[in-house]
Amino acid sequence: MLIRVLLTVMIAAVFGFSTARAAQTYLPTTLTPAQVFAKAAAAQGHLKAGSYHRVYQKTRGSTVISIDLYESGDDYVETDREGDYRWSEGSYGGKQWRQDENGVVTHVSGFTETADPFIAALAHPQTNDSSMRVLGITTTQPTCVVVQVTPQDGLLQQRYYDAKTFLLRRVVTSDYQGEPWTRDYGDYRTQYGLTFPQTIGYQDEHPENTSVTRLTKFETVAPASVHAAPPQTRPLFTFSGTAPVAVPAQFTSQGIIVRVTIEGRGLDFKLDSGASDIVLDAEVARQLGLTISDVHKGSFSGDYSAGRSRAPDFSVGSLHAQNVAITTIPFSQMIGPTKVVGLLGGDFFASERVAVIFQNETLAVSPASNEAPPGTWSKQSIAVDDFVPRLHAKFNAIDGAFIVDLGADFTLLYPHFFRQFKPTSQADVMGKMRGIAGKGVDYRRYTFSRLDLGDLSFADVGADVTTGTKFEDLDFDGLLGRNILDHFNLVFDYPDGELYIQNPAP
């Protein structure tokens with residue numbers, strides 16, 4: 001408890017805001033959201049044309065992350081480092097890319113710009129509806145004009161703009177998980193025509209997540225110093241040829257189990273395209289002698305501790321890799337008599353082509369290729385910005401964006417998407433659904449008369465809907481689970497942003 005108080009006081013001292021939760025009172029103002037944003041943009045100014053280098057240092061507990069940012073016009077490259085971990089992102093010629101700790105590069109579609117309800121609402125502040133309004137001017141110091149954004153039920157953001165300068169001072173956001181997080185912006189300075197914060201603080205309900213990011217350098221550089229083109233990807237595995245490599249796998253009603261060897265110890269993992277990382281149970285990581293760093297709290301269907309680690313030797317069947325970056329969380333699941341202690345997600349799919357053939361229960365991995373797999377397939381576009389496959393589908397003609405999730409037993413529609421259907425009756429509670437954090441929530445099962453996946457159509461498809469908001473996030477409308485997927489053969493091609501679906505002949 002003492003640690004939390006100290007951290008809260010530190011943030012308040014740095015940024016000049018009270019952290020009290022007392023109800024806020026406001027003085028009236030005639031300003032509209034559009035007028036506030038226009039004044040904020042004018043106060044911020046514009047960065048002069050040129051090429052620049054910025055260096056930031058982010059501190060979270062004992063973790064220190066250095067951030068290098070090079071920019072020139074719309075091109076930029078940002079590289080983050082924490083110990084021997086390194087990841088980066090950038091934009092070159094209007095095309096965005098991302099490289100993770102294992103060196104795997106993915107091309108970013110940028111769907112967040114339209115899918116995130118907050119970003120979408122802020123892009124159109126002139127819209128005259130109740131989703132965005134000016135609450136007034138705070139009576140506490142520093143006085144701020146507060147704009148409230150409520151784009152959907154369960155989503156709330158309050159943006160604090162200094163009443164004198166109109167510079168952004170604070171943003172408090174609460175999403176479907178119901179746990180607000182705050183970013184504070186302080187020590188504004190003007191350099192090269194741009195007025196911006198030198199210090200950014202972050203805090204949420206978990207003290208271990210509290211961080212402070214400070215600018216330590218801002219300088220002009222030669223245009224040749226900005227290397228924003230995407231780097232060459234480093235595939236997780238090295239292949240001796242182009243032929244697919246069979247991976248031993250056990251297909252069960254509760255998921256696909258794959259044997260993984262780390263440091264000579266055989267472990268059972270679940271194949272999970274819905275996981276953005278390769279995940280290992282934290283206790284097993286400790287037993288293996290792996291070092292875990294940057295431990296912080298994550299939240300989805302409840303809270304869990306997540307850390308960063310590296311497996312010196314990592315094998316899946318006959319495929320071998322070294323120094324594989326993994327995420328550690330408390331995770332174990334019994335699938336029949338088998339104890340599963342990890343998830344094969346993210347990088348396992350991202351750098352190659354993964355074929356999941358439910359027809360004969362086989363799993364194969366092959367080098368990335370821009371050629372379609374042999375046979376007749378339906379090709380669907382997927383976005384892998386978050387290292388999970390995001391696919392558009394229609395339930396009863398209503399379009400949504402869903403994660404193609406081999407780790408989900410059943411298809412799940414998030415409540416914010418399901419509300420569009422306005423069912424005439426409510427289905428019975430089927431039981432408790434448990435997520436990665438282990439907490440259970442009631443769910444109901446509905447049947448939809450039609451599902452469309454691109455040029456494929458299906459009738460009478462079942463999907464679950466949970467109560468509450470703990471099983472939903474901002475950029476997706478649900479999960480396409482194995483009750484749909486296991487009727488087909490699938491080839492995941494993250495490098496080319498494609499998913500091939502084959503309906504096996506009867």
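**Hairpin, helix and cores of the predicted model**

In the hairpin formed by E6 and E7, 5 residues lie between the strands, and one residue, Gly 103, takes a positive phi near 85°. The model described here is predicted. The two strands, E6 (residues 95-99) and E7 (residues 105-108), pair in the antiparallel sense over 4 bridges. Within this pairing, Gln 96 of the hairpin stands opposite Val 108 in E7.

Helix H2 covers residues 33-44 and has 12 residues. At 1.5 Å a residue, H2 should span 16 Å, and its end C-alpha atoms are 16 Å apart, so the expected and computed values agree. The buried residues of H2 are Pro 33, Val 36, Phe 37 and Ala 40. These residues lie on the same side of H2, because they cover an arc of only 95° around the axis. They pack against helix H4 (117-122) and against three strands: E8 (132-138), E9 (144-149) and E10 (156-162). After H2 comes Gly 45, which has a positive phi, near 75°.

In soluble globular proteins, nonpolar side chains tend to be buried together. In the present model, the largest nonpolar core has 69 residues. The residues with the most contacts inside this core are Leu 271, Leu 280, Phe 314, Val 356, Phe 395, Leu 413 and Phe 492. Strand E33 (residues 456-466) gives the most to the core, with 5 residues. Another core, of 18 residues, lies apart from the largest one, and includes Phe 37, Met 132, Val 147 and Leu 474.

The surroundings of Leu 271 were examined with its neighbours within four places in sequence left aside. On this basis, Leu 271 is in contact with Ile 256, Val 258, Leu 344, Phe 348, Phe 349, Val 356, Leu 363, Leu 406 and Gly 407.

A polar residue, Gln 380, is found in strand E27 (residues 378-381). Gln 380 counts as buried because its relative accessibility is 6%, and the cut-off for a buried residue is under 20%. Its side chain reaches the backbone oxygen of Leu 453 at 3.1 Å. When residues up to four places away in sequence are not counted, Gln 380 touches Leu 391, Leu 453, Gly 454, Asp 455, Leu 456, Gly 497, Glu 498, Leu 499 and Ile 501. Leu 453 therefore appears both in this list of residues touched by Gln 380 and as the partner of its side chain at 3.1 Å.

Conventions. Residues numbered from 1 in each chain as written. Predicted model: local features only at pLDDT ≥ 70, side-chain atom pairs only at ≥ 80, totals over all residues. Heavy atoms only, no water. Core = buried A, V, L, I, M, F, W, Y, C linked by side-chain atoms within 4.5 Å. Buried < 20%, exposed > 50% of the residue type's maximum accessible area, 1.4 Å probe, protein only. Contact = heavy atoms within 4.5 Å. Polar contact = N/O pair within 3.5 Å; in protein donor to acceptor, adjacent residues only side chain to side chain. Expected span 1.5 Å × (residues − 1). Arc of directions from axis to C-beta. Pairing = 2+ DSSP bridges.
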